[in-house]
Amino acid sequence: NAYQGTFKKFKPLLVLEVNGSPVELYNKTINWVNETYKNPDEVIKGKVEGKYVRINGFASNMITQNVLGTIFYYNIRYSIEIKFKENKFRYEVTKMEQYFEPSSVSSGGWYEIPFNFKVAKRKGKANKKTGIRKEGKTLKYGVETYERIKAYFENLGIGLKEYMENTDNAEQDGSDDDW
């Protein structure tokens with residue numbers, strides 16, 4: 001039953017246009033990571049100047065599940081790869097993991113999860129021709145989790161784009177003499 005129902009999937013990929021060379025966009029991305037994340041040295045997992053930046057991040061209470069009337073909140077950690085070309089960059093969430101607390105029936109830990117979320121239960125028998133079931137009762141917490149995670153990653157990518165657009169090259173060179 002856990003695998004039957006209606007699922008919503010999002011493609012965690014944005015290609016955004018921003019003026020600048022690959023090296024300029026790379027430098028702005030490094031500065032954005034330094035300003036956005038608490039421990040930027042631990043967040044950056046790989047980088048090649050002008051080519052790409054790979055970061056790992058963490059977000060609290062992103063996944064909500066209702067188990068027998070009890071609401072559970074789960075943390076996620078993720079990997080993002082940002083690649084650069086002339087006047088654009090590619091922002092892709094490559095991995096997402098959910099944390100489960102250890103219990104008497106589970107050792108707990110981080111488990112990779114897909115980018116799809118169950119948003120409705122299954123209903124009735126499958127159509128004999130198509131094999132598809134009608135959509136059942138909407139799962140409130142599934143819809144909320146889907147929307148929360150999708151908005152989180154989209155806002156992160158758009159925040160990076162806005163940072164790049166609003167940061168000029170003088171600031172990148174460290175010449176902050178106008179104060």
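**A patch, two pockets and two asparagines**

Hi everyone, let's start on the surface: Val-67, Leu-68 and Phe-72 make up a nonpolar patch there, with about 320 Å² of accessible area together. Before going on, this is a predicted model, where local features need pLDDT of at least 70, side-chain atom pairs count only at pLDDT 80 or more, and totals for chains, interfaces and linings use all residues. Residues are numbered from 1 along each chain as its sequence is written, and side-chain values use heavy atoms, with hydrogens and water left out.

A patch takes residues with over 30% relative accessible area and no salt bridge, joining like charges within 9 Å and nonpolar side chains (Val, Leu, Ile, Met, Phe, Trp, Tyr) within 5 Å. A salt bridge is a side-chain nitrogen of Lys or Arg within 4 Å of a carboxyl oxygen of Asp or Glu. Areas come from the Shrake-Rupley method with a 1.4 Å probe, and for residues only the protein chains shown count as cover.

Within the patch, Leu-68 sits in the loop between E4 and E5. Strands are DSSP runs of at least two residues, helices (H or I) of at least four, numbered from the N terminus. Leu-68 is exposed, at 85% relative accessible area; exposed means over 50%, buried under 20%, and partly exposed in between (1.4 Å probe, protein chains only).

Now the pockets. A pocket is an open set of points on a 1 Å grid over the protein atoms alone, where a 1.4 Å probe fits, with protein on both sides within 12 Å along at least five of seven lines; lining residues have an atom within 4 Å of a point. The largest pocket has a volume of about 880 Å³, volume being the space filled by probe spheres set on the points. Its lining has 23 residues, with Thr-64, Gln-65, Lys-118, Leu-139 and Gly-142 nearest the centre. Which element gives the largest share of that lining? Strand E4, with 5 residues.

The second largest pocket holds about 180 Å³. Its lining includes Phe-58, Arg-77 and Lys-95, and E4, E5 and E6 each give two or more residues to the lining.

Last, two asparagines. Most residues other than glycine have a negative phi. Asn-61, in strand E4 (residues 52–67), has a positive phi near 50°, and Asn-61 is partly exposed at 43%. Asn-87 has a positive phi too, near 65°. Asn-87 lies in the loop between strand E5 (70–85) and strand E6 (88–100), and is partly exposed at 32%. Thanks for listening!
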